[in-house]
Amino acid sequence: MSFFDVPLSIFCRPCYNVGMEQNTTLPQTAAAALRILAKQYPSERAVITEIVNLQSILALPKGTEHFLSDIHGNYEQFNHVLKNGSGSIRQKIDEIFGDSEPASVKRSLATLIYYPCEKLEIVKASESDMDGWYTAALHRLVLVVRRVSSKYTRSKVRKAIPEGFSYIIEELITEKEEISDKQAYYSAIIRTIISIGAADALIEAMCRLIQRLVIAQLHIIGDIYDRGPGPHLIMDTLLQYHALDIQWGNHDIIWMAAAAGHRASIANVVRLCVRYKNLDVLEEGYGINLTPLVTFTLKTYGGMEQTDLLRAVTVMQLKLEGQIISRNPEFDMDDRRLLDKIDYDHGTVAIGGTEYLLNYTEFPTVDHKHPYTLSADEEAVINRLVSSFMHCEKLQRHVRFLYAAGSLYKIYNGNLLYHGCVPLASDGSLLRVPVYGTCRAGRALYDELEVWVRRGWFSRPGSDEREKGQDIMWFLWEGPASPLFGKDKMANFESVFIDDPAARREKKNVYYELVDDEAAVDRILTDFGLDTHTAHIINGHVPQEIKKGETPIKCGGKLLIIDGGFSAAYHSKTGIAGYTLVSNSRGMRLVTHEKFESAEHAIRNETDIVSDTQVVERFERRRYVADTENGRLIQETVGELEQLLSAYRRGLIAESAK
């Protein structure tokens, strides 16, 4: 309910179609609220101006939304997709120039917009007539800026223009009806820019502006971290992005818990970096000191190869996880406590009633009587790692941003966004999951879990709430009823210590069997309060294997799984290099990406990575800002301003004398 949600009948005379009865006083709460608003709009004229401004914004086409999922540290491809808006910029170029320009010119213009500084260097090395090139490039960029800025007010465009170029760019992109020879006017501005040596800076500013305006809202549907070498670079980029939200994935949540000092989560993060040969992410990206771990591994396991490090950190992880499972029986994960199920004499382990042969039997730090107790040396290593993670300023800044911009799920413009799944029972009903004395399902489960995720970071250090919150974060990482994980187990022990592939199989939640079942999908949408006829579920987490005929479009388009394997580790499995989703005022389209070689290759060869675009839905009518979440907020604000305007006109609130 709005802060200003009071009966309009308390006001005195009609204003902007609002009917109000005669009244000479305001209720105390309403008066206080309107006085606060009056500080921002101190006069009747200021209120009228803002109402007109907001009402005009509601009539603009809806901005373009860009959905990315499961980036997994693949910075270069992520950065390129962000720059080209999953083909949105190239689409605008084609719309503007059509057949009037050859494909080579349009391709070169697109590359310039994506990588202005790098492209300018290449052009200068080969172009004999730079003035002519600058003139043509700037004229084309002006047309592109005009097109991508058409969905925004002049005020918003002005705020988006890089500092120092507002006047020039506004002059170039604004039609001057009073000037008879507009082309001569614009050409004069461009000639002057070139003659004073400011063309490079202006081109860069215009390209950055195009990149910004072509996407109104970026949605990251989880899993920024792990597998690839650049999650810290991705986070640096997101920190600077103009408008985004993040739905945490299980790989994000384990890093968030690690940054909070959770020991088992730290062990998981380190193990993943060892497994995917990304220790540079820790050492160089975040400055985490791994010397104690390496020294311990050499001393205890006799080497410092990848397998030695992997065994050392995995054993520590299994011990710490065993402690979590023991103190949280409601997690129902006792089958993951495997160190006490090893037959050291026969070199086997019992898992789910089956004996598996181990590929490694020494386990030098495991006390057979107390298998989940860290050795003194392991304790020292973990303590040093905890200190490094908690005192890494860059990691702490990144995780604070994940909390500020992120959540477990988001409802945006009538669509439901989450990373993994809504856990379902075997009969397809919403699975009820115990969470510290409560039992929740569906949206209520998500809400309850998010409360604990935030307690795991924000609660007082050393408090019971903080420990429980961090244990929940670990549960979200790999718990069988976790909506971020959605499998019966994470086969960490099996992947390191057992060669039999049967032991490593992970069974998915029923959710993934019912993604084409309209009744199941509608049940989820209804539980989250969404319209089953118009809403979509958009999630990632499970790579779609296009090589096997899988499609990310489920249930006739009601559910979209947009994990196509951004990470190089999945390219051979999926057959592509990622999906992204684009939603504009006319519909939704799914973009399939080819493997991205490198930014340098893209610049020199003017290549893009969009390989295919598939229309998911064409809206029956064009969508406008009034149809969006932001539009609803704007309409609420207009209602509040109408109340303030009426109060000014009846003298119930005095205008500012200034």
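Q: In which sense do strand β2 (residues 217-220) and strand β3 pair, and over how many bridges?
A: In this predicted model, the residue His219 has Asp245 of β3 as its bridge partner. Strand β2 and strand β3 run side by side in the parallel sense, and the number of bridges between them is three.

Q: Which residues of strand β3 (residues 244-247) lie on each of its two faces, and are they buried or exposed?
A: Leu244 and Ile246 are on one side of β3, while Asp245 and Gln247 are on the other. A residue counts as buried when its relative accessible area is under 20%, and for these four residues on the two covered faces the answer is buried.

Q: What is the order of the strands in the open sheet of five strands?
A: The pairing in this sheet is mixed. One of its pairs is β12 (residues 537-539) with β14 (residues 559-561), which run in the parallel sense over three bridges, and here Ile537 stands opposite Leu559 in β14. Read across the sheet, the order is β8-β9-β12-β14-β13.

Q: Which strands stand at the edges of that sheet?
A: A strand at the edge has a single partner strand, so one of its sides is left without a neighbour in the sheet. The strands that fit this description are β8 (409-412) and β13 (553-554).

Q: At about what angle to β8 does helix α20 (residues 442-458) run?
A: Helix α20 lies across two strands, β8 and β9 (415-418). Its direction relative to β8 is given by an angle of about 120°.

Q: How many bridges join β15 to strand β16 (residues 587-593)?
A: Strands β15 and β16 form a hairpin, with three residues between them, and within this pair Ser583 stands opposite Met588 in β16. The two strands run antiparallel, and the number of bridges that join them is five.

Q: Which residue stands opposite Leu581 in β15?
A: Strand β15 (residues 579-583) also pairs with strand β1 (residues 65-68), to which it is joined by four bridges in the antiparallel sense. Both faces of β15 are covered, with Tyr579, Leu581 and Ser583 buried on one side and Thr580 and Val582 buried on the other. The residue opposite Leu581 is Phe67.

Q: How far apart are the end C-alpha atoms of helix α11 (residues 199-214)?
A: The helix has 16 residues, and at 1.5 Å a residue it should span 22 Å. The span in the model agrees with this expectation, which means that the end C-alpha atoms are apart by 22 Å.

Q: Are helix α17 (residues 306-327) and helix α21 (residues 464-478) roughly parallel or roughly perpendicular to each other?
A: The two helices pack at an angle of about 110°, and their axes are 11 Å apart. Angles of 65 to 115 degrees count as roughly perpendicular. Helices α17 and α21 are therefore roughly perpendicular to each other.

Q: Which residues of α21 make the contact with α17?
A: Helix α17 passes α21 in a left-handed crossing. From α17 the contact involves Glu321, Ile324, Ile325 and Arg327, and from α21 it involves Glu467, Asp471, Trp474 and Glu478.

Q: What is the relative accessible area of Gln317?
A: Gln317 has its place in helix α17. Leaving aside residues up to four places away in sequence, Gln317 touches Ala267, Asn268, Arg271 and Asn492. Gln317 is buried, with a relative accessible area of 0%.

Definitions and conventions:
Residues are numbered from 1 along each chain as its sequence is written. This is a predicted model: local features need pLDDT of at least 70, side-chain atom pairs count only at pLDDT 80 or more; totals for chains, interfaces and linings use all residues. Side-chain values use heavy atoms; hydrogens and water are left out. Two strands pair if DSSP finds at least two bridges between them. Contact means heavy atoms within 4.5 Å. Axes are lines fitted to C-alpha atoms, for helices over the stretch in contact, and angles run from 0 to 180 degrees between N-to-C directions. The expected span of a helix is 1.5 Å times one less than its number of residues. Angles under 35 degrees count as roughly parallel, over 145 as roughly antiparallel, 65 to 115 as roughly perpendicular and the rest as oblique. A crossing is left-handed if the near helix is turned anticlockwise from the far one by less than a right angle, and right-handed if clockwise. Buried means under 20% relative accessible area, exposed over 50%, partly exposed in between (1.4 Å probe, protein chains only).
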